[in-house]
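Notebook open, model loaded. I want to go through a few backbone oddities first and then some helix packing.

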Amino acid sequence: MSVLTRDEAQTRAQLLDVHHYAVDLDLTTGDETFGSTTRIRFTARAAGNTFVELKPDALHSAVLDGTPLDPADLDGNRLPLTLTEGEHTLSVTATMRYSHTGEGMHRFTDPTDGESYVYTQLFMEDVQRVFAAFDQPDLKSVFEVSVTAPEGWTVLSNGITEQQPDGRWTAAATPPISTYLVCVAAGPWHSVRTEHAGLPFGIHCRRSLAPHLDADADEILDVTKACYDRYHEKFDEPYPFDSYDQAFVPEFNAGAMENPGLVTFRDEFVFRSAVTATERMTRAMVIAHEMAHMWFGDLVTLRWWDDIWLNESFAEYMGFQTINEACSELFADTWIDFGVTRKAWGYEADQRPSTHPVAPDPDAVPDTASALLNFDGISYAKGASALRQLVAWMGEEDFLAGINIHFKRHRFGNATLADFVDNLAAATDRDVHAWAEQWLRTTGVDTLTPRLEGEGTTWRLTVDRAGSRPHRLSVGIYDRDAVDAPVLRERHEIDVPQEAPLELSGPRPALVVLNEGDLTYAKMRFDDTSQHTVLWALSRIPDPLTRAVVWNALRDMVRDGELEPATYLETALAHLPEETELAVVQGVLGFARTQIADRYVSEADRPAALAKLTEITRALLRRTEDGEAPGLRLTAVRACIDSATTPDKIASWLDEGTVHGGPELDPELRWRILARLAVLGATDEAAIAAELERDPSATGQEGAARCRAALPTAEAKAAAWSAMFDTDELSNYLFTATAEGFWKPEQAELTRDYVARFYPAATAMAARRGPALAEAAGRRAFPAYAIDAESLALGERHLAEDTMIPALRRQVADQLDDLRRALRARG
């Protein structure tokens, strides 16, 4: 199959003007394939040769202006077309194959009740798996979709759908949209419908999840309506589509997809088990993120994939900011969670060899395969951080004015970085072009360190910068109060680089915190006095966002080899039991567990690290016995399970169906405990089968796969390995669950022989199954706990051979970089 190059897309865009697609899908032809008929009306501006893309199971016919084309001319995914100048009509009829990898038309049968569901995910180049198309984002067109579905199914699409007397479903014609944004979701959906601002709104899920969706329907719809109203206060352009549906679909690879009028979400957002407030906030943020795309991405779309950040960074920023504004009664400050989770993702991605600018040079994204690699922490979290810094620098009023100019100039069209910057510049006196060059065209993370000079009661504060970007940030100056807790003396807004040092009066500060409010994107460091204060008084810093900034700095220092992992654990033990901000607790525990205990300390020191984590969780459990902080208690219970080094306590919880003092065990906690017992060798296949009988849902199937792969026997590992790499039967979710269970730090000796086998096995599987499974293999099935120089050298040799498809190669390169950091931390 050929990937589309940027040069080919530009040539085709100069030749063609695409007007209309009529897409007819037949979903009644069986469980393996479906019928696809496409009729495309378009204009050729001159005579020339081009192609239409299609990845069929069988191509039956192709007719150009009444003249049949030879189906044998299909070359991979390209059907060549020879055009005269003027109007043309192309009709293509094919049989297409359902996928089980979350790409194209994904088909899923619910093990709970046997009902089947299908949905499309057409991003990048997967529309070709569903219907014939001129598949590039700047050939927008009107789409009319019709679907023949089994009796009892409901069909959803980008426009309002209606069932016809013959049983077919037809969707209202869309405005001009890009091919990757077309969407169909069909099945016996459970739906909750309402109306808002004169438009039909709906939320949909599998029937087996109906009680769980109904329990949260009011919250989901309230968040949706609040975001819709807030965006209409921000944006001059009204919502551009005829309805707003949100479908929670099974085995979805991403968090969600911004199909206009029909957003698809992974259905883990329909919570079957207890969740924390931060997890609910994450769902709300994703709702806000995808709705922002209705304007930035759908109304105005990138011209080529080098500008994917224009879609994702904007939606990421708007998602957090809009939930912060519109849903403050439901959720605490969303920027705390952004700083702890999303921003850390960006910092990590930006320090790897695979880093790239937020807005890469077009030549760096020559084709769709390379473009797919840029959906990472840089395009999302770093880009959103850059936009937040831009808003702080130029002011929100001017920022929104520039955004509205952008929408007005390019509505239902395509735009580039240059267009975006020009439109922002039209709304401000600031030099946005220079800002964009410094922030969007460069790589890496600046590091900012405070330096105090002076004596007595007169001090000069200078911020030393390792890096090249300008920063607008707040500096917090703290003294100690009567009980030695940090108390804010003063806060200053400064620009870095500074024109002059900041003059301070009074005693030497006990603590200087750069980037209070977390408005810029840079790693923060401390002067010696401040670092001492942080280590003994972190939990007593009054503002939770400031504490998050400090914890992020400590995390970065561990990753950069500037702070001992053991010191981080001691700091967590000293301060986490007193922490009140749930997002901070979750972020610190997650880093301490998955990075420090599992990777950064030696095998000999790992039991002591896990013991410290257990001590932290026990302190949190004692603190939450009164039931006043259920989210904090749930977080502590999860961490206690994951850190258990002996089975007795958690096994008793499983036997009794409850944690002493609460909560009662729901399916998520039961599978979590069973997975840990499997790692510890304290359960068996009979217990896993019994739990699966208790919970035969799709999530239960994944839990069972994870547990079976985690059993510490040669037979269990061999079976799991064969399922992942020797056959292609596992769906994307079951592959991921199996991979998550396979590699465990406690089982390094048992799995040692599989380390060398990973590279040829993953390379071959990725070539067969494509980018989605390649990414899953690189992210989840990589031997991450084989932390030694020999394993690193082995990986580097295989990477140098350049036989991996790009999606796998990128993941492996990142994993090897993480392995180098782990080795440095251990050293």
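Does Ala197 count as buried or exposed, and at what relative accessibility? I looked it up: Ala197 is exposed, because its relative accessibility is 53%, and the cut-off for that class is over 50%. I should keep in mind that this is a predicted model.

**Positive phi**

I went to Ala197 for its backbone: phi is positive there, about 55°, although the residue is not a glycine. I found Ala197 in the loop that runs between strand E15 (190-196) and strand E16 (199-205).

Phe412 is another non-glycine with a positive phi, this one about 60°. I place Phe412 in the loop between helix H8 (396-410) and strand E21 (413-415).

**Cis peptides**

I checked omega next. Val496 and Pro497 are joined by a cis peptide bond, with omega about 5°. Pro497 sits in the loop between E25 and strand E26 (502-505).

I also noted a cis bond from Gly662 to Pro663, where omega is near 5°. The loop holding Pro663 connects helix H17 (648-656) with helix H18 (667-679).

**Helix H11**

Which residues of H11 (residues 528-537) are buried? I get Ser530, Thr533, Val534 and Ala537. They span an arc of only 100° around the axis, so they lie on the same side of H11. That fits the general rule: an α-helix has 3.6 residues a turn, so residues three or four places apart point the same way.

Then I asked what covers these buried residues of H11. The cover includes three strands that I wrote down as E24 (471-480), E25 (486-496) and E27 (511-516), along with helices H12 (544-559) and H13 (565-575). E25 is also the strand before the loop with Pro497.

At the N-terminal end of H11 I found a cap: a side-chain oxygen of Asp527 lies 3.2 Å from the backbone nitrogen of Thr529.

**H14 against H16**

How do the axes of helix H14 (residues 582-600) and helix H16 (residues 630-643) cross? They come within 10 Å of each other, at roughly 5°. H14 and H16 are therefore roughly parallel, since angles under 35 degrees count that way.

I listed who makes the contact. H14 contributes Leu582, Val585, Gln586, Leu589 and Arg593; from H16 come Gly631, Leu632, Thr635, Ala639, Asp642 and Ser643. Sorted by type, the residues of this H14 with H16 contact are 5 nonpolar, 4 polar and 2 charged.

Definitions and conventions:
Residues are numbered from 1 along each chain as its sequence is written. This is a predicted model: local features need pLDDT of at least 70, side-chain atom pairs count only at pLDDT 80 or more; totals for chains, interfaces and linings use all residues. Side-chain values use heavy atoms; hydrogens and water are left out. Buried means under 20% relative accessible area, exposed over 50%, partly exposed in between (1.4 Å probe, protein chains only). Helices (H or I, at least four residues) and strands (E, at least two) are DSSP runs, numbered from the N terminus. The arc is that of the directions from the helix axis to the C-beta atoms. Contact means heavy atoms within 4.5 Å. A polar contact is a pair of N or O atoms within 3.5 Å; within protein, one must be able to donate a hydrogen and the other to accept it, and residues adjacent in sequence count only if both atoms are side-chain atoms. Axes are lines fitted to C-alpha atoms, for helices over the stretch in contact, and angles run from 0 to 180 degrees between N-to-C directions. Angles under 35 degrees count as roughly parallel, over 145 as roughly antiparallel, 65 to 115 as roughly perpendicular and the rest as oblique. Ala, Val, Leu, Ile, Met, Phe, Trp, Tyr, Cys and Pro count as nonpolar, Asp, Glu, Lys and Arg as charged, and the others, Gly among them, as polar.
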